[in-house]
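Reader: Hi! I'd love a close look at one small stretch of this model, and then a friendly walk from there through the rest of the chain. Could you take me through it step by step?

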Amino acid sequence: MKNKTLNNTYLSMLCSELAMLLDAGLTLSDSVQILGEDESSKDAKVLMQSLYDSLMTGNHFSAALKEAEVFPRYMVHMIEVGEKTGRLVQTLTALSDYYERQTRLAVTIKNSVLYPAVLLVLMIVVVLILIVQVLPIFNDIFNRLGTQMDPFAIRLMQFGGWLGNASIGIAIVFAVIFLMILIMWLIPGIRRGAAQFFANKWGNRGIFGKIASSRFVFAMTLGMASGLDTAESISVASAVSGGSKSVDEMHKKCTTLLEEGKTLSESLCESGILSLQDGKMLSVGSVSGKADLAMAEIARRCDINVRDSIDRIVGRVEPTLVILSSVVVGIILLSVMLPLMGIMTSIG
């Protein structure tokens, strides 16, 4: 599995299974060996065997993961911290939860985008069929009756005729766009560049800002659970959830406020990472000596807030597309049917 990227689902399961085996009293090498024997994929077996061999030479688990070159740097770093602080089981459990949340978030976003996209495509197809195929038929009917369609319907039909004549050119344009998207998806460098552009543009706005804050809070929760102090937790969380100029500036502002003597809750709120309500909960947790538990609860709330925000956006987009398509189709049909009904009435 050299140079292959492990998906979040696999990482979550791996961390969870390792945590269970270690908590049961097995050694790391025995745990990895057991997992390797249970793997059904040949690549996964090879990976587990390489980890086992590395552990048997005396390497730490974090070093073995780093040698494999397929595990995220964040995971390697957090496991290294867990080894140093003696909280490896807790770290693995928290990592499993982290990657499970990332999987759920990715699925939520994909499902939320898919249905409106399909609905939009269907709407465009229906409108194109009406103006390219249906309107010319009605135009012939009106010509036989010695009259013309509504000017609006005529312009739509002419536009449909232009689309029909330019269909080859339009197909080429769409093919080029599809090819560019495919190249962007297949070439990591181009894909990262495009992602960076969009992150710099909208990284701290709307739903994207909420997603960045959610990742920051949960990564910081994981850092605190693994034994890192506040400054180190913020540094690790910034590395995971940053990447855009606007978001990185928020993280830098948070660090600066901490260095100036502000409390953690004040720094997170004033930098725009947490809401005032979440900041109040963290403040109470800090006073009671349970800041890590407060951060975990805030992370849970942020996760729910992100999913609710996505659902609200989709909830607005879907009916909007349905209403828009209904109005467009209705206008096209009425522009044809009303004059035709007037002719039929005059004939009758």
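In which helix is the place of Gln 277?

Author: Happy to. Please keep in mind throughout that this is a predicted model. Gln 277 sits in helix α14, which covers residues 276–287. Its relative accessibility is 60%, so Gln 277 counts as exposed, the cut-off for that class being over 50%. In sequence Gln 277 is 21 residues from Ile 298, while in space their C-alpha atoms are 9.6 Å apart.

Now take Asp 278, which is found in helix α14 too. Here the relative accessibility is 11%, and therefore Asp 278 counts as buried, a class that takes values under 20%. Leaving aside residues up to four places away in sequence, Asp 278 touches Ile 298, Arg 301 and Cys 302. Ile 298 thus appears twice in this story: as a residue that Asp 278 touches, and as the partner in the 9.6 Å C-alpha distance from Gln 277. Another C-alpha pair links Asp 278 with Ala 294, 16 residues apart in sequence and 8.9 Å apart in space.

Let's step back to the whole chain. It has 348 residues, and 38% of them count as buried. Its secondary structure comes to 15 helices and 0 strands. Among contacts with a sequence separation of 6 or more, 61% are between residues 24 or more positions apart.

Next comes the interior. In soluble globular proteins, nonpolar side chains tend to be buried together. In this model, the largest nonpolar core has 61 residues, and those with the most contacts inside it are Phe 71, Tyr 74, Met 75, Leu 95 and Leu 282. Helix α1, residues 8–23, gives this core its largest share, 8 residues. Met 75 is a good residue to centre your view on: not counting residues up to four places away in sequence, Met 75 touches Leu 11, Cys 15, Leu 65, Leu 95 and Tyr 99. Another core lies apart from the largest one and has 15 residues, including Leu 135, Phe 142, Met 157 and Ile 332.

From Met 75 you can follow the helix pairs. Two packed helices are described by the angle between their axes and the distance between the axes. Start with α4 and α5, whose axes come within 8 Å and cross at roughly 165 degrees. Because of that angle, α4 is roughly antiparallel to α5. The crossing in which α4 passes α5 is left-handed. On the α4 side the contact has Phe 61, Ser 62, Leu 65 and Lys 66, and these meet Met 75, Val 76, Ile 79, Glu 80 and Glu 83 of α5. By class, that contact holds 5 nonpolar, 1 polar and 3 charged residues.

The loop between α4 (61–68) and α5 (73–85) holds Glu 69. Glu 69 has a phi near 65 degrees, which is a positive value in a residue other than glycine. With 48% relative accessibility, Glu 69 counts as partly exposed.

Moving on, the axes of α5 and α6 also come within 8 Å, and they cross at roughly 155 degrees. This angle makes α5 roughly antiparallel to α6. Here α5 passes α6 in a right-handed crossing. Tyr 74, Met 75, Met 78, Ile 79, Gly 82 and Glu 83 of α5 meet Leu 88, Thr 91, Leu 92, Leu 95, Tyr 98 and Tyr 99 of α6. This contact has 9 nonpolar, 2 polar and 1 charged residues. Met 75 thus belongs to the contact with α4 and also to the contact with α6.

Finally, follow α6, residues 88–144, to α7, residues 151–165: their axes come within 8 Å and cross at roughly 120 degrees. That angle is why α6 is oblique to α7. The crossing is left-handed. From α6 the contact takes Leu 128, Ile 131, Val 132, Leu 135, Pro 136 and Asn 139, and from α7 Ala 153, Leu 156, Met 157, Phe 159, Gly 160 and Leu 163. These residues divide into 10 nonpolar, 2 polar and no charged. Leu 135 and Met 157, from this contact, are also among the residues of the 15-residue core.

Notes:
Residues numbered from 1 in each chain as written. Predicted model: local features only at pLDDT ≥ 70, side-chain atom pairs only at ≥ 80, totals over all residues. Heavy atoms only, no water. Axes fitted to C-alpha atoms, helices over the stretch in contact; angles between N-to-C directions. Helix = DSSP H or I, 4+ residues; strand = E, 2+ residues; numbered from the N terminus. Parallel < 35°, antiparallel > 145°, perpendicular 65-115°, else oblique. Left-handed = near helix turned anticlockwise from the far one by under 90°. Contact = heavy atoms within 4.5 Å. Nonpolar A, V, L, I, M, F, W, Y, C, P; charged D, E, K, R; others polar. Buried < 20%, exposed > 50% of the residue type's maximum accessible area, 1.4 Å probe, protein only. Core = buried A, V, L, I, M, F, W, Y, C linked by side-chain atoms within 4.5 Å.
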